[in-house]
Amino acid sequence: RLRGGDDGVLLRLHRRGGGGGKGMRICRTPDQVVEGYHLSAAEAESFFSDDRLFIERYIENPRHIEIQVLAGRKKLKKSKTTLPVMNPFPIMDGKEYGPLEILCFPERECSIQRRNQKIIEESPSVLLTPETRAKMVRQVKALARKVNYQSAGTVEFLVDEEQNFFFLEMNTRLQVEHPVTEMVSGGVDLVRGMIDVAWGRGVPEDYLALVGRGGGGGGGDAAAAAAA
C-alpha cells in the first residue's frame with residue numbers, strides 16, 4: 001500500500017514493451033499512481049502498441065550498473081557435416097556438449113543520463129566495493145545458469161548509496177556500449193565470442209584465460225569470490 005510523505009514507499013510505473021525511457025513515471029502519492037497509470041499506459045500504447053505496465057519500487061539517487069556476460073557450451077564431438085550451420089539462437093545441450101562456461105567482464109557504469117538515456121559509460125565503476133561486485137557477479141552467473149543462457153548479454157542493476165543492488169533487466173543481445181567492455185578487457189571481440197558460441201565452439205579459451213574462469217570482472221578478489 002502506497003503512503004504519502006517521506007516514510008512512504010515510492011513507486012515507479014514502467015512500460016512493459018519497448019525502450020527509450022518512454023512511459024515511466026515516479027509516484028509519491030496514491031493519487032499520482034492513478035493519474036500516472038493512465039498517462040503511462042497511453043504513452044506505452046502510442047509508442048509500442050502495448051499498454052501493459054510494471055509497478056516497481058523507486059530507488060532514490062541510484063547508480064546504474066551493468067555487467068556484460070558471455071556464456072556458451074563447447075561441442076565435444078566432431079560434427080558429421082563439413083560445414084556446420086551456425087545457429088543465431090543457440091541452445092547447446094546434451095551429452096555432446098561440455099559444461100556451461102559463463103564469463104563476466106568488468107562492469108560498466110552508466111549513471112550519467114539525460115531523459116533516461118545513457119550519455120557516458122565508464123568501466124570499472126568507482127562506486128562498487130569488491131564485496132558488492134563479487135555478489136553481483138554471483139547473481140549474474142546464477143541467472144545465466146538458471147536459464148541456460150548461451151550468447152552475449154547484459155544484466156543491469158540499480159545500486160543505492162548503501163551498496164544494495166536491485167535487478168533491473170537483462171538485455172539478451174549485444175548492446176551498442178559493448179566496445180567499452182572490449183577496451184578494458186584486453187581487446188576481446190564480443191562479436192567473435194557470440195559467433196564461436198553459435199558455432200558450438202563455446203566461449204573462446206583466450207577470453208577465459210584473459211578474464212579468468214571465475215569471471216569476476218573486477219580483479220582477483222572478485223574473480224575468486226565469483227568462482228566459489
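**View 1. F157 and its ring partners.** F157 is buried, at just 3% relative accessibility. This close-up, like the others here, comes from a predicted model. The search for aromatic pairs turns up two. In one, the rings of F157 and F165 sit with their centres 5.6 Å apart and their planes at 90 degrees, so we call this pair edge-to-face. The other is F157 with F167, also edge-to-face, at 6.4 Å centre to centre and 80 degrees between the planes. That second pair links distant parts of the chain, with F157 in strand β9 and F167 in strand β10, ten residues apart. Put together, the ring pairs make a cluster of F157, F165 and F167.

**View 2. A closer look around F165.** F165 belongs to strand β10 (residues 165-171). With a relative accessibility of 22%, F165 counts as partly exposed. What does F165 touch, leaving aside its neighbours within four places in sequence? The contacts are T132, K135, M136, Q139, F157, L158 and V159. Another residue to pick out in this view is R63: its C-alpha is 9.2 Å from that of F165, although the two are 102 residues apart in sequence.

**View 3. The largest nonpolar core, with M136 in the frame.** This core has 17 residues, and I67, M136 and V140 are the ones that touch the most other members. Elements giving two or more residues to it are β4 (63-72), β5 (101-104), α2 (130-146) and β9 (151-159). Not counting residues up to four places away in sequence, M136 touches I65, I67, L128, F157, V159 and F165. There is also a second, separate core of eleven residues, with F105, A152, V188 and Y207 among them.

**View 4. S151 in strand β9.** Here the focus moves to S151, which is found in strand β9. Is S151 buried or exposed? At 13% relative accessibility, S151 counts as buried. Setting aside neighbours within four places in sequence, S151 is in contact with V69, L70, A71, M194 and V197.

**View 5. Helix α1 and its bend.** α1 has 19 residues and spans 26 Å from its first C-alpha to its last, close to the 27 Å expected at 1.5 Å a residue. Where does α1 bend? Look at G36, where the bend is about 25 degrees. G36 is also one of the buried residues of α1, along with S40, A41 and A44. As general background, an α-helix has 3.6 residues a turn, so residues three or four places apart point the same way. Just past the helix, α1 is followed by S49, which has a positive phi, near 55 degrees.

**View 6. Two salt bridges, E60 with R28 and D50 with R52.** Over the whole structure, the search finds 15 salt bridges. One of them joins the side chains of E60 and R28, at 3.3 Å from N to O. E60 lies in the loop between β3 (53-57) and β4, while R28 lies in the loop between β2 (25-27) and α1 (30-48), so this pair ties together parts that are 32 residues apart in sequence. Both partners are partly exposed: E60 has a relative accessible area of 38%, and R28 comes in at 39%. In the other bridge of this view, the side chains of D50 and R52 meet at 3.0 Å, N to O. D50 is buried, with a relative accessible area of 13%, whereas R52 is partly exposed at 46%.

**View 7. R108, E66 and a salt-bridge network.** The side chains of R108 and E66 meet in a salt bridge, 2.9 Å from N to O. R108 sits in strand β6 (residues 108-109) and E66 in strand β4, so the pair ties together parts that are 42 residues apart in sequence. Are R108 and E66 buried or exposed? Both R108 and E66 are buried. Which residues belong to the network? Salt bridges that share partners join E66, R108, K118, E121, E156 and E177 into one network.

Technical notes. Residues numbered from 1 in each chain as written. Predicted model: local features only at pLDDT ≥ 70, side-chain atom pairs only at ≥ 80, totals over all residues. Heavy atoms only, no water. Core = buried A, V, L, I, M, F, W, Y, C linked by side-chain atoms within 4.5 Å. Buried < 20%, exposed > 50% of the residue type's maximum accessible area, 1.4 Å probe, protein only. Helix = DSSP H or I, 4+ residues; strand = E, 2+ residues; numbered from the N terminus. Contact = heavy atoms within 4.5 Å. Salt bridge = Lys/Arg side-chain N within 4 Å of Asp/Glu carboxyl O. Expected span 1.5 Å × (residues − 1). Bend = angle between axes of the 7 residues up to and from the residue. Phe/Tyr/Trp six-rings, centres within 6.5 Å; stacked < 30°, edge-to-face > 60°.
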